[in-house]
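Subject: Structure handover

Hello,

Please find the structure we discussed below. My notes on it come after.

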Amino acid sequence: MSSPKSDAAQQAMRAKVASKLAETLVSASSSSDVDPELAREISVEIESEMWDALGKTPKEYTTKGRSLVFNLSKNAELRRRVLQRQITATKLVSATSKEL
């Protein structure tokens with residue numbers, strides 16, 4: 001069973017990943033019409049899927065988080081498809097770097 005301290009650390013890490021994803025979806029977009037609430041909602045879905053898939057291995061979880069932030073910031077088409085929900089959180093999380 002997890003200690004309260006490790007649970008708090010996990011929650012802080014998860015919140016940071018979701019926040020960074022949302023920030024990337026909004027700030028990396030060239031158009032200012034990205035709804036911050038939508039970006040936050042999608043980022044929470046992505047983070048939750050990441051946690052379900054990789055939460056047991058924190059190193060893989062953080063690596064995937066960094067990879068998604070990087071790819072979303074550099075790839076406008078990917079960002080657009082994520083914001084329009086053309087790519088599900090499940091597909092995004094299971095994709096390799098090359099697929100992104």
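The notes cover the nonpolar core, one of the helices, a buried polar residue and the salt bridges.

This is a predicted model, in which local features need pLDDT of at least 70 and side-chain atom pairs count only at pLDDT 80 or more, while totals for chains, interfaces and linings use all residues. Residues are numbered from 1 along each chain as its sequence is written, and side-chain values use heavy atoms, with hydrogens and water left out.

Core. The largest nonpolar core (buried Ala, Val, Leu, Ile, Met, Phe, Trp, Tyr and Cys residues joined through side-chain atoms within 4.5 Å) has 23 residues, and Ile46, Val82 and Leu92 have the most contacts inside it. At least two residues of this core come from each of helix 1 (4–27), helix 2 (36–54), helix 3 (58–74), helix 4 (76–83) and helix 5 (89–94). Helix 2 supplies the largest share, 6 residues. Helices here are DSSP runs of H or I with at least four residues, numbered from the N terminus. Leaving aside residues up to four places away in sequence, Val82 touches (heavy atoms within 4.5 Å) Leu25, Ile42, Ile46, Leu72, Ile87 and Leu92.

Helix 2. From first C-alpha to last, the 19 residues of helix 2 reach 26 Å, close to the expected 27 Å; the expected span is 1.5 Å times one less than the number of residues. Buried residues (under 20% relative accessible area; exposed is over 50%, partly exposed in between, with a 1.4 Å probe and protein chains only) of helix 2 include Ser43, Glu47 and Trp51. At the start of helix 2, a side-chain oxygen of Asp35 comes within 3.1 Å of the backbone nitrogen of Glu37.

Buried polar residue. Asn71 lies in helix 3 and counts as buried because its relative accessibility is 14%. Asn71 touches Leu78, Ser97 and Leu100, again not counting residues up to four places away in sequence.

Salt bridges. With a salt bridge taken as a side-chain nitrogen of Lys or Arg within 4 Å of a carboxyl oxygen of Asp or Glu, the count is 6. Glu41 pairs with Arg85, with 2.6 Å between the closest N and O atoms. This salt bridge links distant parts of the chain, since Glu41 is in helix 2 and Arg85 is in the loop between helix 4 and helix 5, 44 residues apart. Arg80 and Glu77 form another salt bridge (2.4 Å, N to O); they are 3 residues apart in helix 4, so about one helical turn separates them. Salt bridges with shared partners join Glu41, Glu45 and Arg85 into one network.

Regards

Notes
A polar contact is a pair of N or O atoms within 3.5 Å; within protein, one must be able to donate a hydrogen and the other to accept it, and residues adjacent in sequence count only if both atoms are side-chain atoms.
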